[in-house]
Every structure is written in C-alpha cells, then in structure tokens.
Amino acid sequence: MLIAGFPAGAWGTNCYLVAPAAGEECVIIDPGHQAAPGVEEAISKHRLKPVAVVLTHGHIDHVASVVPVCGAHDVPAWIHPEDRYMMSDPEKSLGRSIGMPLMGELTVGEPDDVRELTDGVRLDLAGLEFSVAHAPGHTRGSVTFRMPERADVPSVFFSGDLLFAGSIGRTDLPGGDMAEMLDSLARVCLPLEDSTVVLSGHGPQTTIGQERAANPYLRQVAAGGQGAGSPTPPRRGM
C-alpha cells in the first residue's frame, strides 16, 4: 500500500493520498489550504489516478483546496452532512473572520459532486476499504477513516482532528464540545488495536498503543474520566 502525506498551508494540515500501489487509483484525504500543488506533485511522482476526495471535517484548513482538486480530476468529495455548510461558509464555522488576506487565497464553495458520509458506512474506493466513524467533539460532523489490516500492513486510522500524537483537537470553536470529544475518543479510539497506525490532521504519525500509554486525554477516558476537569488541548490547526 502507498500512503503519500505532506503538511500544507498556513496551518500545516496533513493531506494524504492513499493507493494500493504506485501507478494505481488513489483517494485524497483532507486537501486543505494551499494543498493543490502538493497533491499534483504526489500524483505525478507516483503516477496516481484520483477517484475521490474524503474529508474528516469541514474546517477551512482541511477543505480549502477541495474545489480545485475535485475540479481538476472530476471526482466527488465526501463529507458528513453536519459539516457540509462549512465548505461554503468557513467563517461561520469559526465564529470569527479568518482574515481578508487569507480569504483572498481560498476557493470557497462546493465541488460539483458532494456525497454525504454516515456513521458505520464502508467506502470501497480505489480498491481500498475505509470504515467511517462519526466522531463529534472537534466539530459536529467530524469523522474518522479506518483501513483494516492487510497482509503485513497494520490497520491505518486517519483520525482528522480527533486524536493527535500526545493531544487531541481543540473544542473551543462553534460545534466543539469536550464531553463529545471524550466520548468519541472512548467509542472510536479505545477499541482499536495497539498496532493501529494513527495518521492525524496535524503533527507526526503515532500508534494507538503509544497514545493509550502516553496521551493524557486517552488515558483519562480509558480510566473512565468525564469531561469535567479536562485541560484545554493545545491548538493545532483550527
């Protein structure tokens, strides 16, 4: 399996291209701010053919390049319905202006073909299987994508802004909720095998085992802790 990832734009959002191997079809995950050139570079380098864009949530740092990427390759974008409005109205999702100079660099709106994700659905794209889990807390429509273990390749978990190495996504923006975040961590992350590779929306790769041992938020929910008294997570992205 081929996974090509790179941090993009002002918020360093991780964009991933996933394919069975070089020279085959691929899925693009979270093409955010200024991600289009990196996407095209990875497509050319690995001789890939995009078939879909899938989005972990609707914040502008994860969706800013959806329109140009989908338009260039005539592919659909998948997003949870509760976050769909953010593609056309990113400032509403932030509760504030993100700044006119930056807005001038963004393509706001929906691609021609938008499809909605639901909890528990399995997407079969580019010869790969992605299991979708609704994971609110960072936004109401946040989702994760999990790929099952294959041969010698461990399960891969695209966590978006739910789980980071050593931390979690922020919950102080509209639609964020710490209690929901902790519930999503317990329901979606804790059941995963320790060997599961975590590729998050910001920051380095980790594993569920590493986070189970060292991440204070995952340790809290594993011990049965509730939202009260949880520290505010450090800000990564939006």
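Is Glu-110 buried, exposed or partly exposed, and what is its relative accessible area? In this predicted model, Glu-110 is partly exposed, with a relative accessible area of 33%. That residue belongs to a small story about charged side chains, and a good way into the story is to look at the sheet and its helices before coming back to Glu-110.

The sheet makes a helpful starting point. It is an open sheet of 6 strands, arranged in the order β1-β2-β3-β4-β5-β6, with mixed pairing. The edge positions are taken by β1 (2–8) and β6 (114–116); each has a single partner strand, so one side of each is left without a neighbour in the sheet. On average, and with direction ignored, neighbouring strands of this sheet are turned by 25 degrees against each other. Within the sheet, β3 and β4 are paired in the parallel sense, over 5 bridges. Here Glu-25 can be found opposite Lys-49 in β4.

Two helices can be described together with these strands. Helix α1 lies across β1, β2 (13–19), β3 and β4, and runs at about 155 degrees to β1. Helix α3 also packs on the sheet, where it touches β3, β4 and β5, and its direction makes about 150 degrees with that of β4.

A closer view of α3, which spans residues 66–73, shows that Val-66, Val-69 and Cys-70 are buried. These residues sit on the same side of the helix, because they cover an arc of only 95 degrees around its axis. The cover over the buried residues of α3 includes β3 (25–29), α1 (36–46), β4 (49–54), α2 (60–63) and β5 (77–79). On the face turned away from the buried side, α3 carries the exposed residues Gly-71 and Ala-72.

Just after α3 comes Asp-74, placed in the loop between α3 and β5. Asp-74 is not a glycine, yet its phi is positive, at about 50 degrees. A positive phi is also found at Asp-30, another residue other than glycine, with a value near 60 degrees. Asp-30 lies in the loop between β3 and α1. The surroundings of the two can be set side by side: Asp-30 is buried, with a relative accessible area of 2%, whereas Asp-74 is exposed, with a relative accessible area of 72%.

This leads back to the charged side chains. Side chains of opposite charge can pair when their charged atoms come close. Across the whole structure, a search finds 8 salt bridges. One of them joins Arg-84 to Glu-110, with the closest N and O atoms 2.8 Å apart. Arg-84 lies in the loop between β5 and α4 (90–94) and Glu-110 in the loop between α5 (100–103) and β6, so the pair ties together parts that are 26 residues apart in sequence.

Arg-84 also meets Glu-116 in a salt bridge, at 3.3 Å from N to O. This pair links distant parts of the chain, since Glu-116 belongs to strand β6 and the two residues are 32 apart. Arg-84, Glu-110 and Glu-116 are thus linked in a network of salt bridges. Arg-84 is partly exposed at 24% relative accessibility, and Glu-116 is partly exposed too, with a relative accessible area of 42%.

A further salt bridge is formed by Asp-124 and Arg-122, whose closest N and O atoms are 3.0 Å apart. In this pair, Arg-122 counts as partly exposed, at 48% relative accessibility.

Conventions. Residues are numbered from 1 along each chain as its sequence is written. This is a predicted model: local features need pLDDT of at least 70, side-chain atom pairs count only at pLDDT 80 or more; totals for chains, interfaces and linings use all residues. Side-chain values use heavy atoms; hydrogens and water are left out. Buried means under 20% relative accessible area, exposed over 50%, partly exposed in between (1.4 Å probe, protein chains only). Helices (H or I, at least four residues) and strands (E, at least two) are DSSP runs, numbered from the N terminus. The arc is that of the directions from the helix axis to the C-beta atoms. Contact means heavy atoms within 4.5 Å. Two strands pair if DSSP finds at least two bridges between them. Axes are lines fitted to C-alpha atoms, for helices over the stretch in contact, and angles run from 0 to 180 degrees between N-to-C directions. A salt bridge is a side-chain nitrogen of Lys or Arg within 4 Å of a carboxyl oxygen of Asp or Glu.
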